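Reader: I should like to learn how features of a protein model are read from its atoms. Please take me through the case shown here.

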Amino acid sequence: MNLYVNQTKDSLESPYLPIPGVVERVVRVTEKERLFTISPLNPSLLEYQPGQFYMIGLPGYGEAPISITSAPGAEREFELCVRAAGNVTNALHRLKRGDFVWVRGPFGTSFPIGEMKGKDIVFIAGGIGIVPMRSLIKAVLRESRDFGKLTLIYGSKSPEEMLFSEELDEWRSKGLDIELTIDKPDPKWQGNVGVVTTLIPKLGVRQGETFAVVIGPPVMYKFVILSLRDKLIGPEKIFVSLERRMKCGIGKCGHCQINGCYVCQEGPVFKLSDLKDMPEAI
Ligand SMILES: Cc1cc2nc3c(=O)[nH]c(=O)nc-3n(C[C@H](O)[C@H](O)[C@H](O)COP(=O)(O)OP(=O)(O)OC[C@H]3O[C@@H](n4cnc5c(N)ncnc54)[C@H](O)[C@@H]3O)c2cc1C
Ligand code: FES
C-alpha cells in the first residue's frame, strides 16, 4: 500500500505520473461498450468538469484518452464508458472488480455550463458521443430550473447500439425532451429512422436563446452544423467536442495537433466560432 501512497503524492506533482484507481464495478452496456466505476486512490482526480477526459493506462498495454461520463461532484468515484477498439481498450474490457487502472488527468477543456444558464439547450449526440454528453446532461439536469427548454437528439446505428437507454426515462422525468433515431430500419424499432440531422428541422428554436452541443463521429459535424445554421443557431452558440489521436494529453507530443492548436489542451471542447480559422478541425 505504501507504494500507492508515494505514487499518489508524486503523481500530484507531475502530470506524467498516473494515479492508481480501483475498479469498483464493470457493467456490460452493449456488446462493444462497458461502463466502469473507478475510485481513484487520490480524490483530487475527482475535480473534473463535463467534457474533460483522463488518460487511462494499463501496464504492458499503454494509455488511451477516455472521456468522463459521470457528472462531477461525487466524493469517491467516477465513471467511464469504454468501447473495445484496440490494444488498451480491449485490455480494459478484461478487467474485473478489484483490479487497478492508472489514471492521469483530468485534462482538456469543459462545457461552459454557466454561459448556457437561462437559455434553451439542444444536445446532439451520435454513437459514442453520448458518453461525454451524459456527464453534461446529468450536470445540467441537476439544475434544470436554471435553464430553458432542454432537448436531446441522440442517434445510433441500431437499437442494440443505443447506450444508456435504461437511463432515458429518468432524464425525461427531470425535464429533458428526448428524440431518438437509428440509421436504418429495424423490426424492433418503432421510432424515427435516419441520421440525427433528420430530427433537426422539427426542432422549435427560440432565436438567440438556444445553445447547441454537438458530439459524435467526425462525419456528423458538418451536416449537423449546416442544419443548425438553417435554424439560425450561429457558431457562437454551438459547442463541439473534437476527437483526435492523443498520446500525452498535455501538449507535449503533437499527436493531437491541428495547425498550431493542441486539441488535448485547447480542446476537446471548443466553441465553433473559435474554430473559424481551422477548417481542418470539422
Ligand atoms: C478526448 C478523447 C476522448 C475519448 N473518449 C472515449 C470514451 O469515452 N470511450 C471510448 O471508448 N473511447 C474514447 N475515445 C477513443 C479512444 O481513446 C480510442 O478508441 C483508444 O485510444 C483506442 O486505443 P486502443 O489502444 O484500444 O486502440 P489501438 O490499438 O491504438 O487502435 C485501435 C484502432 O483505433 C484507432 N484509433 C485510436 N485512437 C483513435 C482516436 N482517437 N480516434 C479514432 N480512431 C482511433 C486506431 O487507429 C486503430 O484503428 C476518446 C478519444 C479522445 C481523443
Ligand atoms: S496529445 Fe500530446 S500534444 Fe496533445
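Author: The following turns treat the domains, the sheet, one edge strand and the ligand shell. This is a predicted model, in which local features need pLDDT of at least 70, side-chain atom pairs count only at pLDDT 80 or more, and totals for chains, interfaces and linings use all residues. Residues are numbered from 1 along each chain as its sequence is written, while chains are lettered from A and ligands numbered from 1 in the order in which they are written.

Reader: Into which domains is the protein divided?

Author: Domain bounds come from an automatic or database domain assignment. Here they give domain 1 (2-107) and domain 2 (113-281), whose C-alpha centres lie 23 Å apart. Contact requires C-beta atoms, placed from the backbone, within 7 Å; by this rule 20 residues of domain 1 are in contact with 19 residues of domain 2. On the domain 1 side, β6 supplies the largest share, 3 residues, and by class that side has 11 nonpolar, 6 polar and 3 charged residues. Nonpolar covers Ala, Val, Leu, Ile, Met, Phe, Trp, Tyr, Cys and Pro, charged covers Asp, Glu, Lys and Arg, and the others, Gly among them, count as polar.

Reader: What is the order of the strands in the open sheet?

Author: Strands are DSSP runs (E, at least two residues) and helices likewise (H or I, at least four), numbered from the N terminus; two strands pair if DSSP finds at least two bridges between them. The open sheet of 6 strands reads β4-β3-β6-β1-β2-β5, with antiparallel pairing. Because β4 and β5 each have a single partner strand, one side of each is left without a neighbour in the sheet. Within it, 4 bridges join β1 (residues 19-28) to β6 (residues 100-107), and proline 20 stands opposite tryptophan 102 in β6.

Reader: Is edge strand β5 mostly covered or mostly open?

Author: A residue is buried with 20 or more other C-beta atoms within 10 Å of its own, exposed with 12 or fewer, and partly exposed in between, with C-beta atoms placed from the backbone. In β5 (residues 78-83), 6 of 6 residues are buried. Phe78, Leu80 and Val82 point one way, and Glu79, Cys81 and Arg83 the other. Antiparallel to β5 runs β2 (residues 33-40), joined to it by 6 bridges; leucine 35 has cysteine 81 as its bridge partner.

Reader: Which element gives the most to the shell around ligand 1?

Author: β4 does, with 5 residues. The shell's residues divide into 12 nonpolar, 5 polar and 4 charged, and at least three come from each of domain 1 and domain 2.

Technical notes. Contact = placed C-beta atoms within 7 Å.
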